[in-house]
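The following exercises invite the reader to work through one structure step by step. Please consult the sequence and the model while reading each solution.

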Amino acid sequence: MLQETVDEIAARLGASATLEDRSFQLLAYAAQSGDIDEVRQESILRRRATEEVRAYFEGYGIATAPGPVRIPEDAELGVLARVCVPLRHHGVTYGYLWLLDDGTLGGDALASVSDLVARVAAVLAQETRRRQDLGRNLRELFSSDADERSWALARLNVPGPVTAIAVRSSLDRVAALWTLPRGVLADPGLLVQGESLVALLAPAGQAWELARRVQGMYGTAAGVGDARADPAQAWRSWREAVQALNVAGKVPALAPVAAWSDLGVYRTLARLSPAELRELAEETAGLVDDPELARTVEGYLDRAGHVQAAAAALGVHRQTLYYRLGKAERLTGRDLADGEDRLLVHLSLKAARLLWGVPASQE
């Protein structure tokens with residue numbers, strides 16, 4: 001409906017029209033007629049405006065304006081003259097209609113599409129309320145409280161099997177996820193330990209592709225939980241997704257999208273508290289202070305102590321590897337020829353990664 005209405009507005013006015021939500025995510029645009037500026041082109045290609053462009057337009061007070069706002073051309077920013085029509089419903093702005101203005105968009109012309117503008121604003125308001133309701137239900141479905149999960153499940157009537165996805169957003173304000181496939185539930189502001197995440201619950205068969213898509217559009221990293229045949233167990237998948245997300249944010253080899261089923265030993269380490277991780281990481285405190293040495297020992301242990309394979313992977317001579325391993329033994333007081341010592345050192349280095357990460361240059 002939104003696309004058809006925007007097309008009709010553009011046809012009535014003979015002007016290029018673009019529709020964005022209040023987070024500046026592109027929702028619809030009319031067929032181009034006339035000039036196109038860099039800002040509109042970027043919006044269409046990226047599906048959302050850049051932070052610089054958002055700040056520029058918001059500087060004209062569009063978020064609280066009761067009616068159309070005229071924005072002059074800015075050649076340096078690549079902005080053609082345009083009219084912004086805030087899409088307000090019951091006093092709340094839900095989005096923006098952008099019209100490139102060649103000087104013909106007077107008051108009468110804009111008034112002639114007021115009915116269509118009101119229609120779009122009402123649709124956006126309805127969609128926002130629907131998503132807010134879904135978000136609340138999703139939070140309860142992922143709750144640790146069994147009663148809350150039961151109530152949410154009854155309201156949502158979610159078919160299984162399902163998979164939870166957690167995405168950490170790189171945006172100050174998470175854009176509404178308008179283009180999600182049918183059957184996917186989303187909450188763009190779920191709070192987990194004081195952190196705002198994008199939470200999604202998807203049919204299991206769509207989860208991996210959806211996680212990659214949402215991470216690419218909005219996030220810095222994503223985690224995918226295991227599928228659950230019973231939607232009542234979705235909270236367990238969510239817990240796994242958050243832990244996988246935390247691993248993806250610290251372990252480059254598993255970034256930017258990590259699946260719980262692929263985490264290996266990190267599945268165990270991710271369950272530890274920060275204090276327990278820190279205690280384990282401190283077993284090799286001397287190595288962590290020397291990133292090259294830590295990388296060498298970890299690479300050696302990752303290859304089950306195979307000297308030739310480790311030296312080749314690290315790009316060093318075997319004698320250099322032996323020298324570094326000896327230095328590591330002196331620093332840690334551990335014998336890397338002893339199975340238990342090797343296991344402790346290996347786990348300690350993995351714990352250090354989860355706590356502090358490793359610079360990309362050390363990978």
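A residue is called buried when its relative accessible area is under 20%, and exposed when that area is over 50%. The model used here is a predicted one.

**Exercise 1.** Determine whether Thr-163 is buried or exposed, and list its contacts outside the local sequence.

*Solution.* Begin by placing the residue: Thr-163 belongs to strand 6, which covers residues 162–169. Next, take its relative accessible area, which is 3%. The cut-off for burial is under 20%. Thr-163 is therefore buried. Finally, set aside the neighbours within four places in sequence; the residues in contact with Thr-163 are then Leu-200, Leu-201, Ala-202, Ala-204, Ala-207, Val-224, Gly-225, Asp-226, Ala-227 and Ser-237.

**Exercise 2.** Describe helix 12 and identify what its buried residues pack against.

*Solution.* First, consider the length. Helix 12 spans residues 291–302, twelve residues in total, and its first and last C-alpha atoms are 16 Å apart, close to the 16 Å expected at 1.5 Å a residue. Second, list the buried positions: Leu-293, Ala-294, Thr-296, Val-297, Glu-298, Gly-299, Tyr-300 and Leu-301. Third, find the partners of these buried residues, which are helix 9 (266–269), helix 11 (285–288), helix 13 (307–314), helix 14 (318–332) and helix 15 (339–356). Last, look beyond the helix: Ala-304, which follows helix 12, has a positive phi, near 55 degrees.

**Exercise 3.** Examine the surroundings of Thr-296 in helix 12.

*Solution.* The relative accessible area of Thr-296 is 0%, so this residue is buried. Its side chain reaches the backbone oxygen of Glu-292 at 2.9 Å. When residues up to four places away in sequence are not counted, Thr-296 touches Leu-314, Leu-321 and Arg-324.

**Exercise 4.** Establish the strand order of the open sheet of five strands, and explain why one side of strand 2 and of strand 3 is left without a neighbour in the sheet.

*Solution.* The order is 2-1-5-4-3, and the pairing is antiparallel. Strand 2 (26–29) and strand 3 (69–71) stand at the edges; each has a single partner strand, so one side of each lacks a neighbour in the sheet. On average, neighbouring strands of this sheet are turned by 25 degrees against each other, direction ignored.

Now consider one pairing. Strand 3 runs antiparallel to strand 4 (residues 82–89), and three bridges join them. Within strand 4, Val-83 is the bridge partner of Arg-70.

To finish, add the helix: helix 1 (residues 2–13) lies across strand 1 (17–21), strand 2 and strand 5 (92–100), and runs at about 45 degrees to strand 2.

Conventions. Residues are numbered from 1 along each chain as its sequence is written. This is a predicted model: local features need pLDDT of at least 70, side-chain atom pairs count only at pLDDT 80 or more; totals for chains, interfaces and linings use all residues. Side-chain values use heavy atoms; hydrogens and water are left out. Helices (H or I, at least four residues) and strands (E, at least two) are DSSP runs, numbered from the N terminus. The expected span of a helix is 1.5 Å times one less than its number of residues. Buried means under 20% relative accessible area, exposed over 50%, partly exposed in between (1.4 Å probe, protein chains only). Contact means heavy atoms within 4.5 Å. A polar contact is a pair of N or O atoms within 3.5 Å; within protein, one must be able to donate a hydrogen and the other to accept it, and residues adjacent in sequence count only if both atoms are side-chain atoms. Two strands pair if DSSP finds at least two bridges between them. Axes are lines fitted to C-alpha atoms, for helices over the stretch in contact, and angles run from 0 to 180 degrees between N-to-C directions.
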